[in-house]
Amino acid sequence: PIRKGDAEIAEAVVVAGSDLAGRTAKEFDFEKKFDAELVAIHRKGQKVNSQLADTRLFAGDLLLLSVQANFIRNMEGIRDLYVISTLKSHQNSEKNRKNSFLLLALALVISSVIFNFISLFVGLLVLFGVIVLFNFFTFKDISEKVDIDLVLMLVCALTLGNSMTSSGLAQLFANQMVGFFGTFGNMGYTFGLFVMTLLLTAFITNAAAVSITFPIAFSLSQQLQIEGTPFYMAIVFAASGDFMTPIGYQTNLMVYGAGSYKPIDFLRVGTPMTLIYSFICLLFIYLRYWF
C-alpha cells in the first residue's frame, strides 16, 4: 500500500501500443505493477465517472495517479505510460503552514506598530527578515520581481524631497515662485507648479517628480495661507502628463523597445498631446478652484 506521507500525485498518459490499451486496471494488476493507485481518468477532456478499476483504458487516456516518491525511477524502461508531471501531495499543506505563519507575523507587526511598540520602518524590516529567514522568498526572487534601480531612484527622490523641506530649500523655491508668478495670482502659481512637474517627469519617474515638487507646493500654500489642493492637483496631473519622452511614463517605455521607436518619434507625436492634455487639466483646475 502507498503511504500518504511518501505519496505524490502524478499525471500520465496511456501511450499508443501500450499493453494497457483495451484492458482494465484490475485485469492488468495496475497497482501492483506500477506501485501506483489510479485516482481519476480523463478521456478526450472529460472525466470518466464509472468504476475506475473496471474501466477499460485506451491510448491517449490521461491518468491521475497517487504514486510513491520513487515512481519516476521505477518507470524507466516501461513504455506503457508516459509521465507528464508530478506534484508532492504534502506541498499544499506545507504552503498553508507557511502562509499561516506569515499572516501571524504580519498581524504581530501591524499590532506592534499600531500600539507604538515599534516604528513602521522597524516593523517592515522585521517582516522582511522573517520572509527571507524562513525562505518565503529568496534574494534571487526579490531581485527578479523588484526593479532595484527604480527602488533606489524613488528612495533618493523621497530623501531629496524631505531634505528640501527640512533645509528650507523648498521654501526658497516657493519664494522664487511667488516673486515670478505673483503677478498672475493663484492660477500663475498653479501653472508654475504644473510646468515644473511636467519638465521633471520627462526625465525622471513620475513618483520621483512628485516627491520633489510636493514640498514646494506645500510651502507655497503655507506661505500664501490658502488651501493647497489646487497645487497638489496640478502636480498629480502633470506627473502623468508627459508624452514627449520615452521615460515620461511607464507605458512609453513598454512600447519603446517593442515598436523600435526613437526619441524623436515621442517628441513629434507626444508634444501636441502633452499641450492638449495640459490645457484641459489647467482649465479644469481653474474652473474648479479659482474661477
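Visitor: Is Arg268 buried or exposed?

Guide: In this predicted model, Arg268 counts as exposed because its relative accessible area is 54%, and the cut-off for exposed is over 50%.

Visitor: What does the side chain of Arg268 meet in a salt bridge?

Guide: The partner is Asp265, with 3.2 Å from N to O. Asp265 is partly exposed, because its relative accessible area is 23%.

Visitor: Where do Arg268 and Asp265 lie?

Guide: Both are in helix α13, three residues apart, which is about one turn of the helix.

Visitor: Why would two such side chains pair?

Guide: Side chains of opposite charge can pair when their charged atoms come close.

Visitor: How many salt bridges does the count come to?

Guide: Four. One of them joins Asp54 and Lys26, with the closest N and O atoms 3.3 Å apart. That pair links distant parts of the chain: Lys26 belongs to helix α1, Asp54 to the loop between β3 and β4, and they are 28 residues apart.

Visitor: And is Lys26 buried or exposed?

Guide: Lys26 counts as exposed, because its relative accessibility is 58%. Asp54, at 44%, counts as partly exposed.

Visitor: Which residue forms a salt bridge with Arg43?

Guide: Asp61 does, and the closest N and O atoms are 2.7 Å apart. This pair also links distant parts of the chain, with Arg43 in strand β2 and Asp61 in the loop between β3 and β4, 18 residues apart.

Visitor: Asp61 sits in a loop, so is it buried or exposed?

Guide: Asp61 counts as buried, because its relative accessibility is 2% and the cut-off for buried is under 20%. Arg43, on the other hand, is partly exposed at 24%.

Visitor: What is Asp61 in contact with, leaving aside its neighbours within four places in sequence?

Guide: The residues are Ala12, Val13, Val14, Ile41, His42, Arg43 and Arg56. In addition, a polar atom of the Asp61 side chain lies 2.8 Å from the backbone nitrogen of Phe58.

Visitor: New topic. Which residues touch the most other members in the largest nonpolar core?

Guide: Leu20, Phe30, Phe34, Leu63, Leu65 and Leu81, out of 20 residues in that core. At least two core residues come from each of β1 (8–14), α1 (25–28), α2 (30–34), β2 (36–43), β4 (62–67) and β5 (81–88).

Visitor: What does Phe30 contact, apart from its neighbours within four places in sequence?

Guide: Phe30 is in contact with Leu20, Ala25, Asp35, Ala36, Leu63, Leu65 and Leu81. Another core lies apart from the one just described and has nine residues, among them Phe181, Leu193, Leu220 and Ile235.

Visitor: Back to helix α13. Which residues form the nonpolar patch on the surface?

Guide: The patch is made of Ile276, Phe279, Ile280, Leu283, Tyr286, Leu287 and Phe291, and together they have about 780 Å² of accessible area. Leu283 lies in helix α13, which covers residues 263–290. Leu283 counts as partly exposed because its relative accessibility is 38%.

Visitor: How many helices and strands does the protein chain have?

Guide: There are 13 helices and five strands. The chain has 291 residues, and 31% of them count as buried.

Visitor: How much area does the protein chain expose?

Guide: About 18,300 Å², and carbon and sulfur atoms supply 65% of it.

Visitor: And what share of contacts joins residues at least 24 apart?

Guide: Among contacts between residues at least 6 apart in sequence, the share is 68%.

Notes. Residues are numbered from 1 along each chain as its sequence is written. This is a predicted model: local features need pLDDT of at least 70, side-chain atom pairs count only at pLDDT 80 or more; totals for chains, interfaces and linings use all residues. Side-chain values use heavy atoms; hydrogens and water are left out. Patches are made of residues with over 30% relative accessible area and no salt bridge: like charges are joined within 9 Å, nonpolar side chains (Val, Leu, Ile, Met, Phe, Trp, Tyr) within 5 Å. Accessible areas come from the Shrake-Rupley method with a 1.4 Å probe; for residues, only the protein chains shown count as cover. Helices (H or I, at least four residues) and strands (E, at least two) are DSSP runs, numbered from the N terminus. Buried means under 20% relative accessible area, exposed over 50%, partly exposed in between (1.4 Å probe, protein chains only). A nonpolar core is a set of buried Ala, Val, Leu, Ile, Met, Phe, Trp, Tyr and Cys residues joined through side-chain atoms within 4.5 Å. Contact means heavy atoms within 4.5 Å. A polar contact is a pair of N or O atoms within 3.5 Å; within protein, one must be able to donate a hydrogen and the other to accept it, and residues adjacent in sequence count only if both atoms are side-chain atoms.
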